[in-house]
Amino acid sequence: MSLSLTTTSPAASILHPATEGAAEWWRNAVIYQVYPRSFADGNGDGIGDLKGITERLDHLVDLGVDALWLSPFYKSPQADAGYDVSDYRQIDPIFGDLDDFAEMSTKAHKLGLKVIIDLVPNHTSDDHAWFKEAIEAGPGSAARDRYMFREGKGENGELPPNNWQSIFGGPAWTRVDQRWNVDADGVKDTEWYLHMFDTRQPDLNWQNEEVREDFKSILRFWLDRGVDGFRIDVAHGMVKAEGLPDWDGTTGMVDGTKDEGKTQVQTDGTPDEDGSNGGGNSGPMFDQDGVHEIYRSWHEVMEQYDGDRALVAEAWVEPLSRLALYVREDEMQQAFNFSFLTTKWDAAAMRTVISASVRENDVVGAPTTWVLSNHDVVRHVTRLGLPAVVEGREMNPNGVRATDPQPDVELGLRRAKAATLQMLGLPGSAYLYNGEEFGTPDHTEMPDEYRQDPAFERKGRTEAGRDGCRVPLAWEADKPAYGFSTTGKSWLPQPETYRAVAADVQKADPNSTFHLYKNVLRLRREHNIGLGSLAWLDDFASSTEVIAYQNGDVIVVTNFADAPFALPAGAEILASSEPLVDGAVGTDVCVWIKSA
Ligand code: ISL
Ligand code: CA
C-alpha cells in the first residue's frame, strides 16, 4: 500500500521567517570547498595546486555556486596536509606562489565567485619561526610565552603537565628534550609544550598580546589581497580553561559511539531536542567563553573593509545554542552545523536537528550553515551507505578501510542525493565539498601504505583516518589519473570507481548526480530559497516517516518510509533525487514540488 496525503489541508508550523530585502551575500550563499591538494594538478607532480584551481574555476560557475573556500595553501611542512602553517603570509611552493594566488582570485572574482581562505590560529607548525625561536630561547623567555610551555609533573618533571590527549591520538604534550637536544649548557630542557593535534602542531598562547596582534595583521594581509572571508580552523579551541585542569574525557576525531561527557566527537546521530547528538567537543580545551573576545576583535578588523567580508567558524560545539554564540552580530557570520552533518538518516532525527538549528540561529539573527561533507569526515555518499547506519557505531566512523564493513554504494548514492536536496531547500547558507556534485565516494579500500593522515599512525593504525575522503578528483574518465594531472601522478591512489564519477562522464549524462546538483542550485536561486522561510507541513502525509517543509513557493518532501508516498494529483515536480514511479516518491527520495 502506498502512503498518501492527508485529506485536511496541511497545518504549517512556522519556524523561521524569510529574510527581508537585500542581504549580505553569505546569508544564502552556496560555498564550494576546494581541497587544493586534490582538486586539480596544474604542473603534473601529482599534488593539486593553485594553477590547477584557476584552470578549473569555470566548473564552479557551470555548477552554479556563489563562492569557494580553499583549505590551507600556506607554507607548511605538510605534517597535517597544510593545517600546520610555518608562514601565514607565504604560499607553499607545492601550491604555487602569491602571484598564482592573485591570478586565481582575480579570475574567481571576474567569474562572480567570492573567495574564502582558511586560517589556522589554534596552532602553528613546529617549523614556524616563532616556534623555532621558542625552542632556542629556552624556559621563561618571551618567545616561549607565545606557545603553551609548562613544567611537567612528577619528581623530575617526567610526567606531562596534565592528562590531556591529542585529537589525533596519544598525549597532547611533548617534552622539549624528547625532540631537541638543547642542553648544551648542561641543563636539560624539561619543559613540555601543548599540541591538541600532532606533535608538529604546537598550540599558540592566545593570552599573549603579540599572538593576538599578529593574527589581526595576517587577516589584513589577506584582506588587502582581496579575500572575501576566512574559515577559522578549530575556532572553538584557541582559549583553554584557566590552570589547564585535568580532564577525564578522551579526545578524538569524529567516532561512531555516543559517550556522554567525552571530548571525543562521539555520536550515534540521534539528536536531543536541543539538536545535540554527541557530535561536539567539550572539556577545558574547547568552547571557553574567552574565545569570543577574539572574534569580536576580528569583527572590527573585517568591518574596516568593504563588501561584507565573512568569518566562518569550524567549531565542533554543542548544543546548537552554544554554537550560535559564535555568530552573534558582533562576531562571526557563519558556523558549520556539525550537529546536522552527524545526524543519522532518519525522519525524526532530521526534523529535530533542522528545527533546533534554525531556532537557535534565529535567536542571534544568523543564517544556518548547512554542510554534509568535508575533508575531515567520510563523504555523505559513502557514510549513508554504511551498514547498520541507524544503529549507531558505523554512522560517523573516522574513515573506512578494506577490513571495515563496506558501504552499499547504490543505497549511499540514493540517500546522499536525497540528503542534498533536503539540505539545499533549507533557508541559510550551504557548503559543498569538492567532488560531491559528481557523487564521488570515499576510497574505502585504500592500502594502508598510502595513508598520510597523521591520525592514522598516532592512533596506532586502529582507525583509517581521513585520507579516504581526500583522494584527487576525477575529471576525464579516459585520461591518466582521470585527468587530475597530466602525468598520471596522484598523491593518493584513485580507485577504479572514480571512472563513473569523472566530470566528463557526469556532464554528458543528463540524469547524472552532477545535473541534479546543477538543476537544484538553479532552482535554489530562482526561488530565493536561501533567504526564505521554513514551515513544517505537519500533516502533509499520514506517516511521520515522510517529512515535508515549505520554503516560499517550494515544498520539500523526503520519504524515509519503506513504502512509496503518492503525491497529490497534478503536483508540479521541480526536482527529484530519483525519478518518481507512478507519481509516487520512493523510499529514500526527496522531491521539490511547487506549492499550489
Ligand atoms: O574531531 C573533530 C572532527 O572530526 C574535531 O574535534 C576537530 O575540531 C577537527 O578535527 C578540527 O579539524 C581541523 O583542524 C585540524 C585539521 O587536521 C583538520 O583538517 C581541520 O579541519 C588541525 O588543524
Ligand atoms: Ca602540482
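# Notebook: a look through a predicted chain

I started by counting elements: the protein chain holds 16 helices and 21 strands. Its radius of gyration is 24 Å, close to the 25 Å that the globule rule gives for 596 residues, so the chain is as compact as a globular protein of that length. I note for myself that this is a predicted model.

**Entry: overall figures.** I looked up the extents next, and the C-alpha trace spans about 85 × 50 × 50 Å along its principal axes. Then I checked burial: 62% of the 596 residues are buried. For contacts with a separation of 6 or more, I found that 70% join residues 24 or more positions apart. The accessible surface comes to about 21,400 Å², and carbon and sulfur atoms own 48% of that. I also looked at charges: there are 55 positive and 96 negative ones, and their mean positions sit 2 Å apart.

**Entry: D92.** I went to the loop between β5 (87–91) and α4 (98–110), where D92 lies. Is D92 buried or exposed? Its relative accessibility is 7%, and the cut-off for buried is under 20%, so D92 counts as buried. I then asked what D92 touches beyond its neighbours within four places in sequence. The list I got is F73, Y74, K75, S76 and Q78. S76 turned up again in the polar contacts: its backbone nitrogen lies 2.8 Å from a polar atom of the D92 side chain. I also took the distance from D92 to D49, which is 43 residues away in sequence, and got 9.6 Å between C-alpha atoms.

**Entry: S125.** My next stop was the loop between β6 (114–119) and α5 (129–137), which holds S125. S125 has 0% relative accessibility, so it counts as buried. Which residue offers its backbone nitrogen to a polar atom of the S125 side chain? I found D127, with that nitrogen 2.8 Å away. Not counting residues up to four places away in sequence, S125 touches P77, D84, V85, S86, F131, R200 and P202. One of those, F131, I can place on the chain at once, as α5 runs over 129–137.

**Entry: N162.** I moved on to N162, in the loop between β7 (149–150) and β8 (173–175). N162 has a relative accessible area of 4%, so I wrote it down as buried. I found two polar contacts for its side chain. The backbone nitrogen of W164 is 2.9 Å from a polar atom of that side chain, and the side chain also reaches the backbone oxygen of L244 at 3.1 Å. L244 shows up in the wider contact list too, next to K153, W173, P245 and D246, once neighbours within four places in sequence are left aside. From that list I picked out W173, since β8 covers 173–175.

**Entry: S512.** Last, I looked up S512, in the loop between α15 (503–508) and α16 (513–526). Its relative accessible area is 5%, so S512 is buried. How far is S512 from M104, C-alpha to C-alpha? I got 29 Å, for two residues 408 apart along the chain.

**Recap for myself.** D92 is a buried loop residue, with a polar contact to the backbone of S76. S125 pairs with the backbone nitrogen of D127, and N162 meets the backbone of both W164 and L244.

Key:
Residues numbered from 1 in each chain as written. Chains lettered and ligands numbered in written order. Predicted model: local features only at pLDDT ≥ 70, side-chain atom pairs only at ≥ 80, totals over all residues. Heavy atoms only, no water. Helix = DSSP H or I, 4+ residues; strand = E, 2+ residues; numbered from the N terminus. Rg over C-alpha atoms; globule rule 2.2 N^0.38 Å. Buried < 20%, exposed > 50% of the residue type's maximum accessible area, 1.4 Å probe, protein only. Contact = heavy atoms within 4.5 Å. Areas by Shrake-Rupley, 256 points an atom, 1.4 Å probe, with all protein chains shown as cover. Lys, Arg positive; Asp, Glu negative; His and termini not counted. Charge placed at Lys NZ, Arg CZ, Asp CG, Glu CD. Polar contact = N/O pair within 3.5 Å; in protein donor to acceptor, adjacent residues only side chain to side chain.
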